[in-house]
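Student: I have this model open on my screen and I'd like to look hard at one part of it. Could you walk me through the pockets, and then show me how the strands and helices elsewhere are put together?

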Amino acid sequence: ESFGIDVEIEYPFTNEFMRMEPEDFVKEIIIKKLKAKVVVVGTDYHFGKDRKGNAQFLIDKGDEYGFETIVVEKEKYQEREISSTYIREELKLGHMETVNVLLNRPYSITGIVSKGNQLGRTIDMPTVNIYPSEIKLLPPNGVYASITSFDERQIFGVTNLGTKPTVNDGFEISVETNLFDFNEEIYGKKIDVKLMHFLRPEMKFNSIEDLKKQMENDTDFAKEMFLLK
């Protein structure tokens, strides 16, 4: 939408589609159904049975069927082509700055605020909790400087991604965020937690007091990073 695109059409990746000859795809889909005048693809684009169709195939068929093919070179970062593989590799390493450059937006986790164990309230660091879907690709468990968005507001904070081993013996992954200078109740609200910088791995502390001290250190570091102090 931000690029001014009015309509997106997705073609289901079915077995029938996988077996479709490139020539048939051009005739039946590009020409007959879409009535395309211009086709834009990347340099490594392949389609049709056995991936036999490619950018050059479209250029050749464009002359025959009357459409223009534009081939776009891939964007690069640090001399490497930007791809989903590149992004996944950096995400698994927790390199959030690189991930956010490759995505051209901050990596984020979206969810509905749910009640946690409310430990944060007892140590004067209340948090909001969401639970990522099972199919969400996540960075390493740990603590991140973050920006949380909801209701057209953006609030800086610190987020713990993981299982909270100091107070929990379970394996469920949660996203628990301490929002700076924020004490409102937002249970049931949809929020978007953007992870900006990896601070440290998730750790199990000997006591709640040790956990609180580390959380305070994490907060101080994040505030300095966000130029809030």
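Tutor: Let's begin with the second largest pocket, where strand S1 gives the largest share of the lining, 4 residues. Bear in mind that this is a predicted model. The residues around this pocket are Phe-25, Ile-30, Leu-34, Ala-36, Val-38, Val-39, Val-40, Val-41, Tyr-45 and Leu-58. Two elements, helix H2 (22-33) and strand S1 (38-42), each give two or more residues to that lining. By class, the lining comes out as 10 nonpolar residues, with no polar and no charged ones. The space inside is about 190 Å³.

Now stay on S1 for a moment. Its side chains alternate: Val-39 and Val-41 point to one face and are buried, whereas Val-38, Val-40 and Gly-42 point to the other face and are not. S1 also has a partner, strand S4 (residues 68-72), and the two run parallel, joined by 5 bridges. If you want a spot to click on, Val-39 sits opposite Thr-69 in S4.

Next, the largest pocket. Its volume is about 410 Å³. Around it you'll find Val-7, Glu-8, Ile-9, Glu-10, Tyr-11, Phe-25, Ile-29, Ile-30, Lys-33 and Leu-34. Here the classes split into 7 nonpolar and 3 charged residues, with no polar ones. Phe-25, Ile-30 and Leu-34 appear in this lining, and they also line the second largest pocket.

On to the sheet. Six strands make an open sheet with antiparallel pairing, and the order across it is S7-S12-S9-S10-S11-S8. Strand S7 (108-112) and strand S8 (128-130) are the edges, each pairing on one side only. On average, neighbouring strands here are turned by 35° against each other, ignoring direction.

Start at the S7 edge and work inward. S7 and strand S12 (residues 190-201) are antiparallel and share 5 bridges, and Ser-108 has Lys-194 in S12 as its bridge partner. Further in, strand S9 (residues 142-150) runs antiparallel to S10, with 9 bridges between them. Tyr-144 stands across from Thr-159 in S10.

S9 and S10 form a hairpin with 2 residues between them, and Asp-151 in that turn has a positive phi of about 50°. Glu-152 lies in the loop between S9 and S10 as well, and its phi is positive too, about 65°, although it is not a glycine. That's worth a second glance, because most residues other than glycine have a negative phi. Glu-152 is also out in the open: at 86% relative accessibility it counts as exposed.

S10 itself (residues 153-162) is mostly covered, with 7 of its 10 residues buried. On its other pairing, S10 meets strand S11 (residues 174-179) in the antiparallel sense over 6 bridges. Asn-160 has Glu-176 in S11 as its bridge partner.

Two helices go with this sheet. Helix H7 (residues 208-225) lies across S9, S10, S11 and S12, running at about 105° to S12. Helix H5 (residues 96-103) packs on the sheet and touches S9 and S12, with its direction at about 135° to that of S12. The buried residues of H5 are Met-96, Thr-98, Val-99, Asn-100 and Leu-102. They pack against strand S5 (76-77) and helix H4 (84-92), as well as S9 and S12. Just past the end of H5, Asn-104 takes a positive phi of about 65°.

One last backbone oddity to look up is Asp-50, with a positive phi near 60° in a residue other than glycine. You'll find Asp-50 in the loop between strand S2 (46-47) and strand S3 (53-54). Its relative accessible area is 62%, so Asp-50 is exposed.

If you're going back over this on screen, try the S9 and S10 hairpin again, with Asp-151 in the turn. Then go over to S1 and check the alternation, with Val-39 and Val-41 buried on one face.

Conventions: Residues numbered from 1 in each chain as written. Predicted model: local features only at pLDDT ≥ 70, side-chain atom pairs only at ≥ 80, totals over all residues. Heavy atoms only, no water. Buried < 20%, exposed > 50% of the residue type's maximum accessible area, 1.4 Å probe, protein only. Pairing = 2+ DSSP bridges. 1 Å grid on protein atoms, 1.4 Å probe; cavity = no way out; pocket = protein on both sides within 12 Å on 5 of 7 lines; lining within 4 Å. Points joined across faces, edges and corners; volume = space filled by probe spheres on them. Nonpolar A, V, L, I, M, F, W, Y, C, P; charged D, E, K, R; others polar. Axes fitted to C-alpha atoms, helices over the stretch in contact; angles between N-to-C directions. Contact = heavy atoms within 4.5 Å.
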